[in-house]
Amino acid sequence: MIEIIIVGIVFIVIGFITESFLKRKYEIDRKGNPLSKPIKRLQFILLTICFISYLVIAFSFTITNGDFNLLFVLIPFFIVISFIRGFMQWKYNRNAKVWILETYSAILVFPI
């Protein structure tokens, strides 16, 4: 158990270090969301659909299989959300380069 905690802490530290490196290298400022209101609304709708889908899937797996681990649904949920946010930033606000960090966070969680 202690090995898993150590690997998790190392994984988190590496993530923070590489994210700060990306922020400096590409001069990314993550303050605020400079997307327009209609795009923010579309992003909110997509994220809400993902969240509702997550709840339905998690509930159905929990009901059908009592010893089901919710992390099997939670991790893909975070990956999908990061990819959606990254895609919306890439599509509608490419100059801010926030999409690099969103895509990086999805890729960082993917191997888990």
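Contact here means that heavy atoms lie within 4.5 Å of each other. The exercises below concern a predicted model.

**Exercise 1. Determine which residues A58 contacts, and whether A58 is buried or exposed.**

Solution.
Step 1. Locate the residue: A58 belongs to helix α2.
Step 2. Set aside its neighbours within four places in sequence; A58 is then in contact with L70 and V73.
Step 3. Consider the separation of A58 from L74. The two are 16 residues apart along the chain, and their C-alpha atoms are separated by 8.3 Å.
Step 4. Apply the cut-off for burial, which is under 20% relative accessible area. Because A58 has a relative accessible area of 8%, A58 is buried.

**Exercise 2. Describe the secondary structure of the chain and state how confident the prediction is.**

Solution.
Step 1. Count the elements: the chain has four helices and zero strands.
Step 2. Read along the sequence, these elements give the pattern α-α-α-α.
Step 3. Describe the extent of the chain. Along the principal axes, its C-alpha atoms fill a box of roughly 45 × 40 × 20 Å.
Step 4. Turn to confidence. The average pLDDT of the chain is 88, and 96% of the residues score at least 70. Confidence is highest in α2, at a mean of 92, and lowest in α4, at 89.
Step 5. Add two totals for the chain. Of its 112 residues, 25% count as buried. Among contacts between residues at least 6 apart in sequence, 68% join residues at least 24 apart.

**Exercise 3. Establish how the rings of F51 and Y54, and those of F51 and F77, are arranged.**

Solution.
Step 1. Begin with the total: the structure holds five aromatic pairs.
Step 2. Examine F51 and Y54. Their ring centres are 6.4 Å apart and their planes stand at 35 degrees, so the pair is tilted.
Step 3. Place this pair in the chain. F51 and Y54 are separated by about one helical turn, because they are three residues apart in helix α2.
Step 4. Compare accessibility. F51 counts as partly exposed, at 40% relative accessibility, whereas Y54 is buried, with a relative accessible area of 14%.
Step 5. Examine F51 and F77. The ring centres of F51 and F77 are 6.1 Å apart and the planes are at 55 degrees, so this pair is tilted.
Step 6. Consider what this second pair joins. F51 lies in helix α2 and F77 in helix α3, so the pair ties together parts that are 26 residues apart in sequence. F77 counts as buried, at 13% relative accessibility.
Step 7. Assemble the group: F51, Y54, F77 and F78 form one aromatic cluster.

**Exercise 4. Of the two loop residues G66 and N93, decide which is buried and which is exposed.**

Solution.
Step 1. Locate G66: this residue lies in the loop between α2 (37-64) and α3.
Step 2. Assess G66. The cut-off for exposed is over 50%; because its relative accessible area is 72%, G66 is exposed.
Step 3. Relate G66 to I84. They are 18 residues apart in sequence, and the distance from C-alpha to C-alpha is 31 Å.
Step 4. Locate N93: this residue lies in the loop between α3 (71-92) and α4 (98-109).
Step 5. Assess N93. With a relative accessible area of 14%, N93 is buried.
Step 6. List what N93 touches. Not counting residues up to four places away in sequence, N93 touches P34, L35 and M88.

**Exercise 5. Identify which residues E102 touches, and whether E102 is buried or exposed.**

Solution.
Step 1. Locate E102, which is found in helix α4.
Step 2. Assess E102: because its relative accessible area is 6%, this residue is buried.
Step 3. List the contacts. Not counting residues up to four places away in sequence, E102 touches R30, S82, R85 and G86.

**Exercise 6. Characterise the largest pocket by its space and its lining.**

Solution.
Step 1. State the space: the largest pocket holds about 260 Å³.
Step 2. Describe the lining, which comprises 14 residues; F11, G15, S105, L108 and V109 lie nearest the centre of the pocket.
Step 3. Trace the origin of the lining. At least two residues come from each of α1 (2-26), α3 and α4.
Step 4. Sort the lining residues by kind: 10 are nonpolar, three polar and one charged.

Terms used: Residues numbered from 1 in each chain as written. Predicted model: local features only at pLDDT ≥ 70, side-chain atom pairs only at ≥ 80, totals over all residues. Heavy atoms only, no water. Buried < 20%, exposed > 50% of the residue type's maximum accessible area, 1.4 Å probe, protein only. 1 Å grid on protein atoms, 1.4 Å probe; cavity = no way out; pocket = protein on both sides within 12 Å on 5 of 7 lines; lining within 4 Å. Points joined across faces, edges and corners; volume = space filled by probe spheres on them. Nonpolar A, V, L, I, M, F, W, Y, C, P; charged D, E, K, R; others polar. pLDDT = per-residue confidence, 0-100. Phe/Tyr/Trp six-rings, centres within 6.5 Å; stacked < 30°, edge-to-face > 60°.
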